[in-house]
Structure formats: structure tokens, C-alpha cells
Amino acid sequence: MVVGIYTENYLNTTAEQMSNNIEKLKQEIIIAKETQNREQIKNRIKEIEKKWDKTSDIWGVIVVHQEIDNIENALVKSKANIENGELEDALQEIETAKFFINHVKEREKISWKNVF
């Protein structure tokens, strides 16, 4: 039971951090669409990738690998879209990554629904 609570807390904390970072990136992309300055968002996506690499190593032990793959695919597509200047497509992929991160958090939450 203690391990389950610790795991849930860890997932909640890291999911919130990743969601917050992705939300900041989203806001920066919206600004970059107007200013055409993509350097800041290129740096931000690299930072997110580094943090995700550390997080995904531990999540890999706890979470279904398909969920991790979905998040990684969305982040890779976001990065490619940013580098190619396709900011609208990057926003869509960022929303996808954010959805999957929150989905993992909800899916792994300890509840009667998940126990039975």
C-alpha cells in the first residue's frame, strides 16, 4: 500500500511538472506564431526532452510502455514541427502529449475503479 501511494505521488508530481512545462511551451509557440522567433521554443522543447528522458526512465517501470510511446511520439512530432516552422501542427502535438501525460496520471490513480 505504501509503495502504491508513493508511486501515485511520484506520477502526480512528475506529470504536473511535465504538463506545466508543456503549457509554457504552448504559450511560447502562440507568441512565436506572431513574432516568427522560434529560437526560444526550440530551446524549450530541448529542455522538455531532457526532462522527459529522465522521467520516462522511471515511468517505464511503473507505466504501460504504450503510454510512454504515445507521449514520446507527440514530443518528437512537436519538435520536428517546431524546427520546420509548422507551429500550428506543433500545437496540436503538444496538446496530444499533454493529454497522454494527464491520462497516465488518471489511469494510475489509486481508486476503486482501478482496483477492481
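**Exercise 1. Classify Gln36 in this predicted model: is Gln36 buried or exposed?**

Step 1. Take the relative accessibility of Gln36, which is 58%.
Step 2. Apply the cut-off: exposed means over 50%.
Step 3. Gln36 therefore counts as exposed.
Step 4. Place the residue. Gln36 sits in the loop between α1 and α2.
Step 5. Check the backbone. Gln36 is not a glycine, yet its phi is positive, at about 60 degrees.

**Exercise 2. State what secondary structure the chain has, and in which pattern.**

Step 1. Count the elements: five helices and zero strands.
Step 2. Read along the sequence. The pattern is α-α-α-α-α.
Step 3. Add the dimensions. Along the principal axes, the C-alpha atoms fill a box of roughly 50 × 25 × 20 Å.
Step 4. Add burial. The chain has 116 residues, and 35% of them count as buried.
Step 5. Add contact range. Take the contacts between residues at least 6 apart in sequence; 69% of these join residues at least 24 apart.

**Exercise 3. Find which element has the lowest mean pLDDT and which the highest.**

Step 1. Start with the chain. Its mean pLDDT is 89. Of its residues, 93% reach 70 or more.
Step 2. Go to the elements. Helix α5, residues 112-115, has the lowest mean, 52.
Step 3. Helix α3 has the highest, 94.

**Exercise 4. Describe how α2 and α3 are arranged relative to each other.**

Step 1. Choose the descriptors. Two packed helices are described by the distance between their axes and the angle between them.
Step 2. Read the distance. The axes of α2 and α3 come within 11 Å.
Step 3. Read the angle. The axes cross at roughly 170 degrees.
Step 4. Angles over 145 degrees count as roughly antiparallel, so α2 is roughly antiparallel to α3.
Step 5. Sort the contact residues by type: nine are nonpolar, four polar and five charged.
Step 6. Name some of them. The α2 side includes Ile41, Ile45, Ile48, Trp52 and Trp59. The α3 side includes Ile68, Ile71, Leu75 and Ile82. Charged members include Lys42 and Glu49 in α2, with Glu72 and Lys79 in α3.

**Exercise 5. Test the length of helix α4 against the expected span for its 21 residues.**

Step 1. Helix α4 covers residues 87-107.
Step 2. The rise is 1.5 Å a residue, and the expected span uses one less than the number of residues. That gives 30 Å.
Step 3. The end C-alpha atoms are 30 Å apart, so the two values agree.
Step 4. List buried positions. Among them are Leu87, Leu91, Ile94, Phe100, Ile101 and Val104. Glu93 and Lys105 are buried too.
Step 5. Identify the cover. The elements over these buried residues include α1 (2-35), α2 (39-62) and α3 (65-83).

**Exercise 6. Compare the settings of Asn81 and Ile62.**

Step 1. Asn81 is in helix α3, whereas Ile62 is in helix α2.
Step 2. Asn81 has 11% relative accessibility and so counts as buried. Ile62 is partly exposed, because its relative accessible area is 28%.
Step 3. List contacts, leaving out residues up to four places away in sequence. Asn81 touches Glu86, Leu87, Asp89, Ala90 and Glu93. Ile62 touches Thr7, Tyr10, Leu11 and Glu108.
Step 4. Follow one contact of Ile62. Leu11 is 51 residues from Ile62 along the chain, and their C-alpha atoms are 8.9 Å apart.

Key:
Residues are numbered from 1 along each chain as its sequence is written. This is a predicted model: local features need pLDDT of at least 70, side-chain atom pairs count only at pLDDT 80 or more; totals for chains, interfaces and linings use all residues. Side-chain values use heavy atoms; hydrogens and water are left out. Helices (H or I, at least four residues) and strands (E, at least two) are DSSP runs, numbered from the N terminus. Buried means under 20% relative accessible area, exposed over 50%, partly exposed in between (1.4 Å probe, protein chains only). Contact means heavy atoms within 4.5 Å. Axes are lines fitted to C-alpha atoms, for helices over the stretch in contact, and angles run from 0 to 180 degrees between N-to-C directions. Angles under 35 degrees count as roughly parallel, over 145 as roughly antiparallel, 65 to 115 as roughly perpendicular and the rest as oblique. pLDDT is the predictor's confidence in each residue, from 0 to 100.
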